[in-house]
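Got a structure on screen and want to know where its labels come from? Let's go through them by question and answer.

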Amino acid sequence: SHQNSSLRTEFEPLWRDVDLSLAWADAAFGAPPAATNFWMGEDAARTTVHADLFDNLYVVVRGRKRFALLPPQEGLVHGQCSNDACPA
């Protein structure tokens, strides 16, 4: 899946079980979501260091997920984004 609003385009049967927009998140981000994506992984799944160019709200249905949040300028140190994407 990628930033193509996969929840809306590929997983329509799940719509009745989830809200496609959350009032408190819309207020926090200043607008409804431009895309609503669905990713699913197993307990052994690992995500490499990367920069997300979109605001994110992450939900774990079962289990746990550990995040290491880095300041944007750290992306340059790790070679994960350009000067435009990672302000100094």
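What follows is a set of questions about how the labels on this predicted model come about.

Q: What makes up the secondary structure of the protein chain?
A: There are three helices and zero strands. Going along the sequence, that reads as α-α-α.

Q: How much of the protein chain counts as buried?
A: Of its 88 residues, 11% do. The cut-off for that label is under 20% relative accessible area. As for the outside, the protein chain exposes about 7700 Å², and carbon and sulfur atoms supply 55% of that area.

Q: What share of the contacts with a separation of 6 or more comes from residues 24 or more positions apart?
A: In the protein chain, such residues account for 53% of those contacts.

Q: Why is Asn37 called buried?
A: Its relative accessible area is 18%. Buried means under 20%, so the label fits Asn37. You'll find Asn37 in the loop between H2 and H3.

Q: Which backbone nitrogens lie 3.0 Å from a polar atom of the Asn37 side chain?
A: One belongs to Ser5, and another belongs to Ser6. The limit for a polar contact is 3.5 Å, so 3.0 Å from Ser5 is within it. The Ser6 nitrogen, also at 3.0 Å, passes on the same limit.

Q: How do you know whether Thr36 is buried or exposed?
A: Thr36 comes in at 13% relative accessible area, and the buried label needs under 20%, so Thr36 is buried. Thr36 sits in the loop between H2 and H3. Skipping residues up to four places away in sequence, Thr36 touches Ser5, Ser6, Leu7, Arg8 and Leu20.

Q: What label does Leu14 get, and why?
A: Leu14 has a relative accessible area of 30%. That value falls between the 20% and 50% cut-offs, so Leu14 is partly exposed. Leu14 is placed in the loop between helix H1 (6-10) and H2. With neighbours within four places in sequence left aside, Leu14 is in contact with Leu7 and Phe38.

Q: Why is the pair of Tyr58 and Phe67 called edge-to-face?
A: A search of the whole structure turns up two aromatic pairs. In the Tyr58 and Phe67 pair, the ring centres are 4.8 Å apart, which is within the 6.5 Å limit for pairing. Their planes sit at 85 degrees, and over 60 counts as edge-to-face, so that's the name for this pair.

Q: What accessibility labels do Tyr58 and Phe67 get?
A: Exposed means over 50%, and Tyr58 has 51% relative accessibility, so Tyr58 counts as exposed. Phe67 has 47%, which lies between 20% and 50%, so Phe67 is partly exposed.

Q: What makes the nonpolar surface patch of about 610 Å²?
A: The patch is made by Trp24, Phe29, Leu57, Val59 and Val61. Take Val61: a patch residue needs over 30% relative accessible area, and Val61 has 83%, so Val61 passes that cut-off. The value is also over 50%, so Val61 counts as exposed. Val61 lies in the loop between helix H2 (23-29) and helix H3 (74-77).

Q: How do you know that Gly63 counts as exposed?
A: At 66% relative accessibility, Gly63 is over the 50% cut-off, so the exposed label applies. Gly63 is found in the loop between H2 and H3. Gly63 and Asp43 are 20 residues apart in sequence, with 7.7 Å from C-alpha to C-alpha.

Methods: Residues are numbered from 1 along each chain as its sequence is written. This is a predicted model: local features need pLDDT of at least 70, side-chain atom pairs count only at pLDDT 80 or more; totals for chains, interfaces and linings use all residues. Side-chain values use heavy atoms; hydrogens and water are left out. Patches are made of residues with over 30% relative accessible area and no salt bridge: like charges are joined within 9 Å, nonpolar side chains (Val, Leu, Ile, Met, Phe, Trp, Tyr) within 5 Å. Accessible areas come from the Shrake-Rupley method with a 1.4 Å probe; for residues, only the protein chains shown count as cover. A salt bridge is a side-chain nitrogen of Lys or Arg within 4 Å of a carboxyl oxygen of Asp or Glu. Helices (H or I, at least four residues) and strands (E, at least two) are DSSP runs, numbered from the N terminus. Buried means under 20% relative accessible area, exposed over 50%, partly exposed in between (1.4 Å probe, protein chains only). Contact means heavy atoms within 4.5 Å. Rings of Phe, Tyr and Trp (its six-membered ring) pair if their centres lie within 6.5 Å; planes under 30 degrees apart count as stacked, over 60 as edge-to-face and the rest as tilted. A polar contact is a pair of N or O atoms within 3.5 Å; within protein, one must be able to donate a hydrogen and the other to accept it, and residues adjacent in sequence count only if both atoms are side-chain atoms.
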